[in-house]
Amino acid sequence: MSEKVKALLEGKGGNYIFPFFWQHGETEEVLRTYMRVIHEANIGAVCVESRPHPDFCGEQWWHDMDISATRS
């Protein structure tokens, strides 16, 4: 078996999918659900697009970014 296939079967492959994660000011519960579902799909990263957020670069935006960066 090739080393690449073996590594993938052992869950040691890299993260090659970075879906856009659009932020619109969702609730903390919704953000945590989205992040959990993304993680459960074996996606280890997202590309955050937060310009549509109603508080872009404000206090709530930073709070939402902190939520999105955790896996709890």
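## Helix H3 and its two sides

On one side of helix H3, Glu-59 and Asp-66 are exposed. The buried residues of this helix are Trp-61, Asp-64, Ile-67 and Ser-68. Look down the axis of H3 and those buried residues fall within an arc of 120 degrees, so they line one face of the helix. Bear in mind throughout that this is a predicted model.

What sits over that buried face? The cover includes strand S1 and helix H2. Ile-67 gives a residue-level view of this: leaving out residues up to four places away in sequence, Ile-67 touches Glu-28, Leu-31, Arg-32 and Met-35.

## The nonpolar core

Which residues make up the largest nonpolar core? There are 6 of them: Phe-21, Leu-31, Met-35, Ile-38, Ile-43 and Ile-67. H2 supplies the largest share of this core, with 3 residues. As background, nonpolar side chains in soluble globular proteins tend to be buried together.

Ile-67 is a handy residue to click on here, as it belongs to this core and is also one of the buried residues of H3. Among its contacts are Leu-31 and Met-35, and both of those are core members too.

## Gln-23, a buried polar residue

Now for a polar side chain. Gln-23 sits in the loop between strand S1 (20-22) and helix H2 (28-40). Is Gln-23 buried or exposed? Its relative accessible area is 0%, so Gln-23 counts as buried.

Its side chain has a polar partner: a 3.0 Å polar contact joins Gln-23 to the side chain of Ser-68. Ser-68 is itself one of the buried residues of H3. Setting aside residues up to four places away in sequence, Gln-23 touches Leu-31, Val-48, Glu-49, Ser-50, Pro-52, His-53, Trp-61, Asp-64, Met-65 and Ser-68. That list includes Trp-61, Asp-64 and Ser-68, which are buried in H3, as well as Leu-31 from the largest nonpolar core.

## Salt bridges

How many salt bridges does the structure hold? The count is 4. In general, side chains of opposite charge can pair when their charged atoms come close. Two of the pairs are found along H2. Glu-28 and Arg-32 form a salt bridge with an N to O distance of 3.0 Å. These two are 4 residues apart in H2, so about one helical turn separates them. Glu-28 is partly exposed at 35% relative accessible area, and Arg-32 is partly exposed as well, at 26%. Further along, Glu-40 and Arg-36 pair at 3.4 Å, N to O. Here too the spacing is 4 residues in H2, or about one helical turn. Glu-40 is exposed at 53%, while Arg-36 is partly exposed at 44%.

Another pair joins Arg-51 and Glu-49, at 2.8 Å from N to O. Which end of this bridge is buried? Glu-49 is, with a relative accessible area of 12%, whereas Arg-51 is exposed at 60%. Glu-49 also turns up among the residues that Gln-23 touches.

## Cysteines without a disulfide

The disulfide count is 0. Why does Cys-47 have no disulfide partner? The closest cysteine sulfur, in Cys-57, is 15 Å from that of Cys-47, so the two are too far apart for a bond. Seen from the other end, Cys-57 is likewise in no disulfide, its nearest cysteine sulfur being that of Cys-47.

As for solvent access, Cys-47 is partly exposed, at 34% relative accessibility. Cys-57 is partly exposed too, at 45%.

## Positive phi in two loops

If you're checking the backbone, have a look at Asn-42 and Cys-57. Asn-42 has a phi near 65 degrees, a positive value in a residue other than glycine. Asn-42 lies in the loop between H2 and strand S2 (47-49) and is exposed, at 70% relative accessibility.

Cys-57 comes up again here, with a phi near 70 degrees, also positive in a residue other than glycine. Where does Cys-57 lie? It is in the loop between S2 and helix H3 (59-68).

Terms used:
Residues numbered from 1 in each chain as written. Predicted model: local features only at pLDDT ≥ 70, side-chain atom pairs only at ≥ 80, totals over all residues. Heavy atoms only, no water. Buried < 20%, exposed > 50% of the residue type's maximum accessible area, 1.4 Å probe, protein only. Polar contact = N/O pair within 3.5 Å; in protein donor to acceptor, adjacent residues only side chain to side chain. Contact = heavy atoms within 4.5 Å. Salt bridge = Lys/Arg side-chain N within 4 Å of Asp/Glu carboxyl O. Disulfide = S-S within 2.5 Å. Core = buried A, V, L, I, M, F, W, Y, C linked by side-chain atoms within 4.5 Å. Arc of directions from axis to C-beta.
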